[in-house]
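Work through the exercises below with the structure open. Each one sets a task and then solves it step by step.

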Amino acid sequence: MLREPRARSQQRLRNAGFFSLIPLLVFLLLTSGYNSGQPPQVRADNDNGGHIENTVVIPSYHEAGNIPALVTRIFQAVESPDTTEVVIVDDDSRDGTEEAVERLREEGYNVAVVTRKDESGLSSAVLRGLKEARGSKFVIMDADLQHPPESVPHFFKALSERRPFVMGTRYGPSGAVDKDWPFLRRLMSGVARSLARPLTSTSDPMSGFFGLTKDLYTQAAHVNPVGFKIALELLLKTGIPDDRVAEVSYAFAKRTVGASKLSSKTVLKYLFHLATLYRWRMGFFGLVFFEALLVGGCWVALYALEVGVVWWRQQRRQAYRRREKGRLDV
């Protein structure tokens, strides 16, 4: 086999270096704000309401129809209602959420609503709820009743000094997903989990049902309130090893009231968020390694293209010779 001329190999390497810059620059541009965010903000220890130990934070947008059942089921499930509070952060739904919370308060439930008029987004709503929380243990869940309120006590019990982070999982030993959940949603969830797999070994990093201690949260790096997967953000920014993360299985239910917030825009936000987390995790040397992989991939692609072009030309020449031979035989 003849050795390839050095000049051709060097030219291919230069071309690979040039073409690899395109995806690298796109990646850097999309993640240019990866280091932005805000430090964890919580109430001062002397402003914790005295007897409150556990806080359930619920981001909400157009969920007034679910709020009464959600709050009552939470307080029916927890062992110590007197030491538990529910904080609902609503993005100015104007659908009766505030009135529903006021009625619940009149019935004696320890629930509060924070209505945001100049800000929106699930992740930032969760961070605002954590800022308002008075407990030392936090559980975050959705307002659509797809996360069973009866599982909340299991999350608080799982939180400890050794396991200060707990992830709800639909894929654990007793976890489940409603049989009527659309196939497309199942597929999208599976793909999203696979994309996040290099960042964490937890079984369900896409879950919006999770908990952590106040002490762990205050130790987190700056938190970027983008996208819908704040659990994955906090899982990485707190620096908690996977073997110190507890998992609680739960049955994911089908929404019965209200409309899903999932859209193509939500998917794009997730991909952007995931890219920023990858860049944050990689650091400078990780970026250098990433560029080396891009160069290697481009080199292989260019080599395969050259081989393919040579093969195609050979096939064309052979076909031409056969046609010419056929004419001469005639």
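**Exercise 1. Find the glycine that follows helix α3 and give the sign of its phi.**

Step 1. The residue after α3 is Gly 108. Helices are DSSP runs of H or I with at least four residues, strands are runs of E with at least two, and both are numbered from the N terminus.
Step 2. The phi of Gly 108 is positive, near 105°.
Step 3. Note the source: this is a predicted model, in which local features need pLDDT of at least 70 and side-chain atom pairs count only at pLDDT 80 or more, while totals for chains, interfaces and linings use all residues. Residues are numbered from 1 along each chain as its sequence is written, and side-chain values use heavy atoms, with hydrogens and water left out.

**Exercise 2. List the buried residues of helix α3 and state what covers them.**

Step 1. Helix α3 spans residues 97–106. Its buried residues are Thr 97, Ala 100, Val 101 and Leu 104. Buried means under 20% relative accessible area, exposed means over 50%, and partly exposed lies in between (1.4 Å probe, protein chains only).
Step 2. These residues lie on the same side of α3, because they cover an arc of only 100° around the axis. The arc is that of the directions from the helix axis to the C-beta atoms.
Step 3. The cover includes β1 (54–60), α2 (67–77), β2 (84–90) and β3 (111–115).

**Exercise 3. Describe His 62 and Asp 92 by phi, place and accessibility.**

Step 1. His 62 has a positive phi, near 55°, and is a residue other than glycine. Asp 92 is not a glycine either, and its phi is positive at about 55°.
Step 2. His 62 is in the loop between β1 and α2. Asp 92 is in the loop between β2 and α3.
Step 3. His 62 counts as partly exposed because its relative accessibility is 38%. Asp 92 has a relative accessible area of 16%, so Asp 92 is buried.

**Exercise 4. Classify the pair of Phe 165 and Phe 210, then the pair of Phe 209 and Tyr 250.**

Step 1. A pair of aromatic rings is described by the distance of the centres and the angle of the planes. Rings of Phe, Tyr and Trp (its six-membered ring) pair if their centres lie within 6.5 Å; planes under 30 degrees apart count as stacked, over 60 as edge-to-face and the rest as tilted.
Step 2. The search of the whole structure gives six aromatic pairs. In one of them, Phe 165 and Phe 210 are 6.0 Å apart centre to centre with 10° between the planes, and this pair is stacked.
Step 3. Phe 165 belongs to strand β5 (residues 165–169) and Phe 210 to strand β7 (residues 210–213), so the pair links distant parts of the chain, 45 residues apart. Phe 165 counts as buried because its relative accessibility is 0%. Phe 210 is also at 0% and therefore counts as buried.
Step 4. Phe 209 and Tyr 250 form an edge-to-face pair, with 5.2 Å between centres and 75° between planes. Phe 209 lies in the loop between α6 (183–196) and β7, and Tyr 250 in the loop between β8 (245–249) and β9 (251–252), so the pair ties together parts 41 residues apart in sequence.
Step 5. Phe 209 and Tyr 250 are both buried. Ring pairs join them with Phe 155 in a cluster.

**Exercise 5. Which residue has its charged end over the ring of Phe 252, and which lies over the face of Trp 280?**

Step 1. The test is that NZ of Lys or CZ of Arg is within 6 Å of the ring centre and within 35 degrees of the ring normal.
Step 2. Over Phe 252 sits the charged end of Arg 170, 5.2 Å from the ring centre.
Step 3. Over Trp 280 lies Lys 237, at 5.3 Å from the ring centre.

**Exercise 6. Describe the surroundings of Ser 203.**

Step 1. Ser 203 is in the loop between α6 and β7. Its relative accessible area is 18%, so Ser 203 is buried.
Step 2. The side chains of Ser 203 and Thr 169 are joined by a polar contact of 2.8 Å. A polar contact is a pair of N or O atoms within 3.5 Å; within protein, one must be able to donate a hydrogen and the other to accept it, and residues adjacent in sequence count only if both atoms are side-chain atoms.
Step 3. Apart from neighbours within four places in sequence, Ser 203 is in contact (heavy atoms within 4.5 Å) with Thr 169, Tyr 171, Arg 193, Arg 197 and Glu 247.
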